[in-house]
Amino acid sequence: MNHPTTYAVDLAKSVFEIAVSSHPGHVRERRRLSRERFLNFFAQQKPGTVFLEACGSAHHWARSMRDLGHNVVLLPPHRVRPYVTGNKTDRADATALLEAARNRDIRPVPIKTVEQQSLAALHRLRSAWIAARTARINTVRGLLRELGIFIPLGAKRVRPVLQELLEDPDSSLPHALRPALAEAADEIAQFERRLADLETQLNALARAMPDVQLLLTIPGIGPITATALVAFVGDPHRFPSGRHFASYLGVSPK
């Protein structure tokens, strides 16, 4: 009886470990290929099923191998980890993928489109800039508090108060601190401009995406939430019910 060829790939930055199997539980061939030779290897193989961990550049390679005629399946890394035996190596990780692939209870991760990944990247940049802005604001608040200068709660209140203190030559702000605090104020303003421009870009993308427009019809969902759902969740039909979707988001019944 002939079994379809199965490939398990442990992705890395430069060198990829490949385990080839034509019978469940048996590895008949192993390859260790550089990034440059990786796709060329799969272009020369007959179409088979390729298993990858859904991390790093997995979605890019999945799309590339799918274009070569292979069936590509992404598995959640945390579900593959228990199948690693012995020391964690590239070879052991590839073998673990083959073993995890035999467990039908492990749900595969949908392959993201370039558009989805672009949206996800914009959201990650937004989160990073918000975190950086918050860090600058907290630093300024803490430094001024030590000098007896208290700013009311609210992120939007920090820069105006700081600017007012910097512009007043008779304020209690020490002259030695003024140049550095002026730089901090400029950084906060720069992050706010970046966030405003990025949200404008997300709004423009939202108007061009039918799935986002459909989500916007739900009360309480705006462009940020809608684009995030499309970017990180993808096709909602993979969830059997709303309860499964809520569980995926970490929302409990109560």
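**Reading strands, a hairpin and a surface patch**

Tutor: Let's start with one pair of residues: Thr6 has Thr49 as its bridge partner in strand 4. Keep in mind that we're looking at a predicted model.

Student: Okay, so how do strand 1 and strand 4 run, parallel or antiparallel?

Tutor: Strand 1, residues 6-10, pairs with strand 4 in the parallel sense, and four bridges link them.

Student: What is the bridge partner of Thr6 in strand 2?

Tutor: There, Thr6 is partnered with Ser21. Strand 1 and strand 2 run antiparallel, joined by five bridges. Follow the chain from one to the other and you'll trace a hairpin, with four residues between the two strands.

Student: Which strand 3 residue stands opposite Glu17?

Tutor: Look for Arg32, which is the residue opposite Glu17. Strand 2 and strand 3 (residues 29-34) are antiparallel, with six bridges between them. As for cover, six of the seven residues in strand 2, which spans 15-21, are buried.

Student: Back to strand 4, then. How should I think about the two sides of a strand?

Tutor: Here's the general idea: side chains in a regular strand point alternately to one face of the sheet and the other. Now the case here. Strand 4 has Thr49, Phe51 and Glu53 on one side, with Val50 and Leu52 on the other.

Student: Are those two faces of strand 4 covered or open?

Tutor: Both are covered, and the residues on each side are all buried. Put as a count, five of the five residues in strand 4, 49-53, are buried.

Student: How many bridges join strand 4 to strand 5?

Tutor: Five, and the two strands run parallel, with strand 5 covering residues 71-75. If you want a landmark, find Val50, which stands opposite Val72 in strand 5.

Student: What do strand 4, helix 2 and strand 5 make together?

Tutor: They make a β-α-β unit, and its hand is right-handed; helix 2 is residues 58-67.

Student: Now for the surface. Which residues form a nonpolar patch there?

Tutor: Pick out Tyr248, Leu249 and Val251. Together they have about 280 Å² of accessible area. Leu249 belongs to helix 10, residues 242-249.

Student: Why does Leu249 count as partly exposed?

Tutor: Leu249 counts as partly exposed because its relative accessibility is 42%. That class lies between the cut-offs: buried means under 20%, exposed means over 50%.

Student: Let me try a recap. Strand 4 pairs with strand 1 and also with strand 5, while strand 2 pairs with strand 3.

Tutor: That's it, and strand 2 is also joined to strand 1, by five bridges.

Methods
Residues are numbered from 1 along each chain as its sequence is written. This is a predicted model: local features need pLDDT of at least 70, side-chain atom pairs count only at pLDDT 80 or more; totals for chains, interfaces and linings use all residues. Side-chain values use heavy atoms; hydrogens and water are left out. Buried means under 20% relative accessible area, exposed over 50%, partly exposed in between (1.4 Å probe, protein chains only). Two strands pair if DSSP finds at least two bridges between them. A crossover is right-handed if, with the strands pointing away from the viewer, the path from the first strand over the helix to the second runs clockwise. Patches are made of residues with over 30% relative accessible area and no salt bridge: like charges are joined within 9 Å, nonpolar side chains (Val, Leu, Ile, Met, Phe, Trp, Tyr) within 5 Å. Accessible areas come from the Shrake-Rupley method with a 1.4 Å probe; for residues, only the protein chains shown count as cover. A salt bridge is a side-chain nitrogen of Lys or Arg within 4 Å of a carboxyl oxygen of Asp or Glu.
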